[in-house]
Amino acid sequence: MADLRVNICGIEFKNPVIAASGTFGFGREYSEFIDLNRLGGVSVKGLTLKPRPGNPPPRIAETPSGILNSVGLQNPGVDAFIRDEIPFLRKYDTKIIANIAGSTIEDYCKMAEILGDEDIDAVELNVSCPNVKAGCVAFGNTTAGISEITRAVRKYCRHPLIVKLTPNVTDIKEIAMAAEAEGADALSLINTILGMAIDIHSRRPILANNMGGLSGPAVKPVAVRMVYEVATSVKIPVIGMGGITSGDDAIEFMLAGAKAVMVGTANFVNPAACIDVVQGIENYLERYNYASVNDIVGKVELY
Amino acid sequence: MADLRVNICGIEFKNPVIAASGTFGFGREYSEFIDLNRLGGVSVKGLTLKPRPGNPPPRIAETPSGILNSVGLQNPGVDAFIRDEIPFLRKYDTKIIANIAGSTIEDYCKMAEILGDEDIDAVELNVSCPNVKAGCVAFGNTTAGISEITRAVRKYCRHPLIVKLTPNVTDIKEIAMAAEAEGADALSLINTILGMAIDIHSRRPILANNMGGLSGPAVKPVAVRMVYEVATSVKIPVIGMGGITSGDDAIEFMLAGAKAVMVGTANFVNPAACIDVVQGIENYLERYNYASVNDIVGKVELY
Amino acid sequence: MAKILKEKIISVEEIGPEVFKMTIESGYVSEKASPGQFVNVKCGDGSNPLLRRPISICDVDRKAGTFDLVFQVRGAGTGILSTKKPGDEIDMIAPLGRGFGIPEGAKKIGVVGGGIGIFPLLFLLKERKAIAAKENEPLESIAFLGFRNAENIILQREFEKVADRLLISTDDGSEGYHGFITDLLERELERTKLDVVYTCGPKPMMKRVIKIAAERNIRCQVSLEERMGCGIGACLVCACKTKLGDGWEYSHVCKDGPVFWSDEVMLE
Amino acid sequence: MAKILKEKIISVEEIGPEVFKMTIESGYVSEKASPGQFVNVKCGDGSNPLLRRPISICDVDRKAGTFDLVFQVRGAGTGILSTKKPGDEIDMIAPLGRGFGIPEGAKKIGVVGGGIGIFPLLFLLKERKAIAAKENEPLESIAFLGFRNAENIILQREFEKVADRLLISTDDGSEGYHGFITDLLERELERTKLDVVYTCGPKPMMKRVIKIAAERNIRCQVSLEERMGCGIGACLVCACKTKLGDGWEYSHVCKDGPVFWSDEVMLE
Ligand SMILES: Cc1cc2nc3c(=O)[nH]c(=O)nc-3n(C[C@H](O)[C@H](O)[C@H](O)COP(=O)(O)OP(=O)(O)OC[C@H]3O[C@@H](n4cnc5c(N)ncnc54)[C@H](O)[C@@H]3O)c2cc1C
Ligand SMILES: Cc1cc2nc3c(=O)[nH]c(=O)nc-3n(C[C@H](O)[C@H](O)[C@H](O)COP(=O)(O)OP(=O)(O)OC[C@H]3O[C@@H](n4cnc5c(N)ncnc54)[C@H](O)[C@@H]3O)c2cc1C
Ligand SMILES: Cc1cc2nc3c(=O)[nH]c(=O)nc-3n(C[C@H](O)[C@H](O)[C@H](O)COP(=O)(O)O)c2cc1C
Ligand SMILES: Cc1cc2nc3c(=O)[nH]c(=O)nc-3n(C[C@H](O)[C@H](O)[C@H](O)COP(=O)(O)O)c2cc1C
Ligand code: FES
Ligand code: FES
């Protein structure tokens with residue numbers, strides 16, 4: 001059997017499949033369907049300093065092979081996470097990634113600091129959520145913004161720091177290199193692509209927030225391209241995501257240069273999606289006789 | 001029956017449905033399936049100063065609800081277009097839009113100049129083709145680039161000038177306003193989104209060009225969002241496209257602010273797609289008692 | 001506990017204009033389901049449509065080990081569902097959500113349904129009746145069902161079987177009372193006392209039912225609809241406002257509902 | 001001229017491992033089609049899979065007004081196609097492309113096919129035979145078909161009916177000649193003269209056939225495959241290199257082909 005372990009900035013994941021932030025809650029609901037011990041890791045619902053109610057509904061719209069969401073970071077706040085959720089997740093043998101978001105750099109720093117003594121494995125900096133008005137994505141779509149926030153949070157963050165990139169930019173390589181230069185330990189991408197859907201009968205947007213973030217299979221080719229671009233531009237490890245529903249999809253991202261993958265929207269359709277992806281990766285490695293999953297990372301051969 | 005006519009920078013289209021550049025050739029092939037007289041217009045295959053062979057095959061990959069293409073502007077050159085194609089298309093009562101692309105600003109200017117005396121209705125500046133290495137998209141993804149090329153071509157172009165925008169940018173509003181400021185008469189968007197697909201068995205990209213442009217239903221929510229953003233930022237008319245396959249899709253773009261729409265990838269699946277879109281728009285207008293198609297443009301009511 | 005199930009379709013029948021009844025074999029659902037719960041169905045293969053579709057459990061035959069869904073064709077998902085054939089497999093997550101509750105000593109119950117909102121109410125009446133029979137308790141039930149017109153009336157016979165009385169209204173008066181079903185409810189409440197009212201249907205109708213019940217101090221439960229992602233409480237898209245102290249918070253229709261007490265939820 | 005057609009499926013049959021033969025009723029295609037042409041089929045509803053799939057016309061019954069497609073399940077599109085049932089409607093654009101040509105006075109023809117490349121060759125042989133019979137012309141034909149192994153051999157009887165001789169090879173020797181079908185071709189050409197050779201199958205096989213034919217001054221046609229978009233010559237994605245003077249240009253498989261003379265095309 002092939003070795004599925006991957007090491008990302010010192011964290012050893014038992015396999016390269018991580019549940020994507022915002023699509024898996026804190027794992028509780030999915031624990032009724034699957035064995036969380038089988039996951040490489042869980043990136044929890046995006047946390048903010050204080051609890052947030054999120055945006056008004058409707059918060060989801062279906063589009064061809066994709067969805068738009070405008071949840072807007074509904075979450076119980078970082079303290080409740082520490083109190084209620086870490087102990088739950090720690091019962092499982094899987095890595096915990098705390099996904100954090102804020103409207104000011106101070107928010108991010110404070111959260112990183114608060115989480116510093118907590119029993120989590122990494123912090124994922126969400127500077128790419130398109131669904132909150134202040135801050136967040138604003139930090140993620142310029143090199144100046146990403147440099148500033150990465151530098152600041154790096155100082156406060158005692159865990160490995162993963163910076164999550166937004167695809168809504170002209171040149172994602174630049175942004176990635178800026179994050180790397182300021183001390184990011186790893187990069188994850190892509191977050192959702194800003195989109196809009198209109199109900200032609202009511203003549204109003206489907207989402208009460210008017211716009212939302214596109215995810216699911218529709219975005220896969222864009223995500224694979226960006227993962228390739230980023231993985232060939234930086235030295236730190238890259239975690240790829242965007243539309244992964246199967247082991248084959250995950251392999252595509254890993255060939256493009258992702259050392260691990262995250263599975264998001266697919267969980268909604270198939271609560272066992274993450275497990276199926278693990279199994280699919282294993283099957284592929286076996287079929288082509290790879291000893292370790294690391295052997296395929298970045299192995300796409302360009303024309 | 002509702003009035004379908006739309007006037008875009010002085011050109012009166014009999015209806016707002018235009019075949020999108022690169023997906024309809026010069027109309028010849030489709031004329032065997034549909035009556036070209038029923039189209040608002042045809043934007044022809046992207047033209048270059050000299051004939052271009054295009055990129056090596058494979059040039060197409062299928063992705064969830066979309067396709068990637070890397071045709072790379074195979075075309076017979078602007079002279080052959082003038083000689084062979086304008087006379088053919090002019091036999092039909094439909095507007096002719098010459099889509100032009102080049103590797104240098106001079107190329108674009110020369111083409112605009114050459115086309116100046118020709119019997120076409122508008123020029124569409126393709127500064128957003130992701131499939132050619134030199135030039136093209138490079139002009140389209142910065143405000144400086146778009147300003148420079150629009151200003152230059154504007155001087156040589158005696159027809160109404162439509163600038164076609166790339167979606168591969170951080171802020172499409174800025175780019176749109178820059179094109180408007182330099183004299184664009186209309187804007188069309190979106191061109192394709194840069195993407196990549198990898199064959200996990202051969203471990204090579206599916207496209208021989210490695211990357212290609214994503215189009216089709218998958219991109220619709222991104223396109224609708226961008227059309228909304230641009231239409232609410234500029235005063236010149238906007239032509240919307242990206243994933244339109246039905247009248248309902250077209251209505252969505254028009255509610256978002258598009259005065260006309262272009263239909264691309266859908267033609268491949270359904271050679272009568274443009275006609276079906278015209279019919280679908282008509283049905284919608286009738287159902288909701290609109291006297292003119294212009295009455296719905298930009299009429300989305302935000303929350 | 002909900003499970004991912006692949007069950008067999010026994011029959012699909014068009015019981016009204018664009019309304020289909022699908023009977024599904026499922027030992028699990030028929031045993032575990034309680035009224036007001038729903039299933040989340042994968043309608044097509046592949047990624048378009050991508051999401052599952054929530055459909056209420058309309059009837060359960062616990063002995064036969066089957067249950068019914070009734071759905072109206074609205075778009076791509078329900079459209080594909082309507083083309084399924086007996087013998088086909090259907091992929092669903094079920095049973096989901098929190099169903100109807102029964103307040104202590106509620107012996108006189110009313111259900112008020114409009115259009116496609118009537119489906120979960122059938123299972124509710126049937127189950128209440130069965131329990132009352134089993135426990136030898138008195139039970140009186142009235143069903144108020146509103147439809148667009150005579151042609152759209154469905155499941156009449158089924159409701160007659162499980163409700164003591166069935167009152168029907170149509171918007172155009174082509175059958176039953178001419179007007180809103182809530183008018184009928186109000187009228188009936190002039191002479192009959194109900195202990196609890198359950199309602200499901202268009203929002204304006206439910207709001208009116210809530211008001212009518214509140215004015216008379218009748219407890220009331222509503223079954224809500226909201227666009228869903230996961231259906232299991234993880235993605236947080238199916239938000240609805242519920243009261244929290246003096247303020248409110250967002251609860252989630254798929255997990256905290258779809259059924260809520262009328263005094264805990266804030267319909268907008 | 002190609003048309004958008006919605007035709008009825010008569011039968012679907014698995015004739016080999018993951019290989020299906022589909023018979024379709026179509027007055028239009030059965031009348032207009034010539035050997036080497038293909039149809040472009042919409043495999044599923046909706047947008048996934050989005051594109052049509054090109055499939056060669058494998059056989060035509062002009063009298064019955066039907067034709068056959070034979071296809072191997074490769075991915076989503078052919079997968080869906082294989083689940084179609086008799087009576088289902090199938091949406092296709094047909095007939096498409098430029099088929100096989102017959103050089104003046106070609107009386108001795110050979111066809112060399114490998115794997116799924118054999119399908120268009122059946123129709124070719126059948127049509128040539130019918131024409132020869134009708135015009136009372138002499139015709140000799142040999143079919144060379146290569147398969148992976150005995151289990152994968154399909155359409156043997158059909159080829160036997162339309163070819164004067166049928167030679168089979170398998171990669172593993174489990175039936176027929178053990179080795180490449182091109183070895184059989186070469187051997188046969190030591191004693192038999194052919195006027196023209198038609199080939200369709202894996203690229204390495206076709207290249208070898210082209211070389212063998214060229215060395216012996218036998219005219220040769222190849223049927224190519226390339227990923228397609230529109231299938232009608234408009235989108236220019238299905239490019240293949242063809243000779244132009246001293247250089248080359250990109251022609252298009254869907255419109256200029258799929259059949260090319262071996263001396264005009266440049267296989268890479
Ligand atoms: C708890 C619950 C129970 C339901 N029970 C029934 C039932 O028993 N019978 C029945 O006919 N319908 C029921 N509905 C409504 C049903 O889910 C929608 O009609 C269906 O999802 C429409 O899908 P579509 O693909 O046909 O339409 P589309 O309009 O193409 O769907 C597009 C998207 O919008 C969502 N959507 C559209 N309408 C609704 C809606 N009213 N509520 C929630 N999501 C919606 C879909 O799920 C999908 O994600 C219920 C909804 C909920 C939330
Ligand atoms: C002119 C022509 C005639 C053909 N005739 C036959 C035939 O008679 N029988 C048969 O079994 N197959 C035939 N093929 C190949 C057939 O088109 C592919 O096997 C089929 O498109 C695969 O689709 P899929 O969805 O099952 O696979 P997927 O791999 O999921 O398809 C993904 C995409 O790649 C394209 N693609 C994949 N393989 C091929 C291929 N070999 N050639 C062209 N495009 C491909 C598909 O069309 C689709 O756009 C022919 C191809 C061409 C070009
Ligand atoms: C409903 C929903 C909520 C999300 N919430 C978050 C979040 O809180 N933080 C974050 O970094 N990403 C969030 N995302 C983005 C996902 O983590 C992921 O980047 C994106 O969905 C692309 O992956 P997918 O196509 O597999 O879903 C959310 C996505 C969805 C669909
Ligand atoms: C095969 C192909 C070729 C294209 N060629 C051109 C081109 O030459 N010039 C251009 O401006 N856009 C070109 N486009 C982009 C389309 O005109 C259109 O902007 C894009 O496909 C989005 O619309 P759609 O989703 O309806 O296809 C091409 C698109 C495709 C699919
Ligand atoms: S649908 Fe995901 S939380 Fe309700
Ligand atoms: S497939 Fe479009 S030109 Fe051949």
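# Contacts, symmetry and unusual bonds

Q: What makes A:Gly264 a polar contact of ligand 3 in this predicted model?
A: In this predicted model, an oxygen atom of ligand 3 and a backbone N or O atom of A:Gly264 are 3.0 Å apart. A polar contact is a pair of N or O atoms within 3.5 Å, so this pair counts as one.

Q: Which other atoms make polar contacts with ligand 3, and how do you know?
A: Two more pairs can be named: a polar backbone atom of A:Ser21 is 2.7 Å from an oxygen atom of ligand 3, and an N or O atom in the side chain of A:Asn126 is 3.1 Å from a nitrogen atom of that ligand. Both distances fall within 3.5 Å, so both pairs meet the definition.

Q: How much of ligand 3 does the protein bury?
A: The protein buries 98% of the 600 Å² that ligand 3 exposes when taken alone.

Q: Which residues surround ligand 3, and of what class are they?
A: The ligand is surrounded by 23 residues, the closest being A:Ser21, A:Lys164, A:Gly216, A:Gly243 and A:Thr265. By class, the shell has 15 polar, six nonpolar and two charged residues. Glycine counts as polar in this scheme, so A:Gly216 and A:Gly243 belong to the polar class.

Q: What makes B:Gly46, B:Asn126 and B:Gly216 polar contacts of ligand 4?
A: A backbone N or O atom of B:Gly46 is 3.1 Å from an oxygen atom of ligand 4. For B:Asn126, a polar side-chain atom is 3.1 Å from a nitrogen atom of the ligand. For B:Gly216, a polar backbone atom is 2.8 Å from an oxygen atom of the ligand. Each distance is within the 3.5 Å limit, so each pair qualifies.

Q: How much of ligand 4 does the protein cover?
A: Ligand 4 has 610 Å² of accessible area on its own, and the protein covers 98% of it.

Q: Why is the relation between chain A and chain B called a two-fold axis?
A: A turn of 180° with a shift of 0.0 Å along the axis lays chain A on chain B, with an RMSD of 0.0 Å. That is the relation of a two-fold axis.

Q: How do you know that the copies meet through the same surface?
A: Of the interface residues of chain A, 100% are also interface residues in chain B, so the same surface is used.

Q: Where does UniProt annotate a "binding site" in chain C, and how do you know that its residues cluster?
A: An unreviewed UniProt entry gives that annotation to C:Cys230, C:Cys235, C:Cys238 and C:Cys254. They are spread over 25 residues of sequence, yet the largest C-alpha distance is 10.2 Å, and that shows the clustering in space. C:Cys230 sits in the loop between strands S12 (219-223) and S13 (239-244) of chain C.

Q: What makes the peptide bonds into A:Ile190 and C:Pro95 unusual?
A: Most peptide bonds are trans. The bond from A:Leu189 to A:Ile190 is instead cis, with omega near 5°, and A:Ile190 lies in the loop between strands S10 (186-189) and S11 (193-195) of chain A. The bond from C:Ala94 to C:Pro95 is cis too, with omega near -15°, and C:Pro95 belongs to strand S6 (residues 89-96) of chain C.

Q: Why does the phi of C:Asn217 stand out?
A: Most residues other than glycine have a negative phi. C:Asn217 is not a glycine, but its phi is positive, near 60°. This residue lies in the loop between helix H6 (203-215) and S12 of chain C.

Key
Residues numbered from 1 in each chain as written. Chains lettered and ligands numbered in written order. Predicted model: local features only at pLDDT ≥ 70, side-chain atom pairs only at ≥ 80, totals over all residues. Heavy atoms only, no water. Least-squares fit on C-alpha atoms with pLDDT ≥ 70 in both. Contact = heavy atoms within 4.5 Å. Near = heavy atom within 4 Å. Polar contact = N/O pair within 3.5 Å; in protein donor to acceptor, adjacent residues only side chain to side chain. Areas by Shrake-Rupley, 256 points an atom, 1.4 Å probe, with all protein chains shown as cover. UniProt positions renumbered as here; feature names shortened; annotations may be inferred. Helix = DSSP H or I, 4+ residues; strand = E, 2+ residues; numbered from the N terminus.
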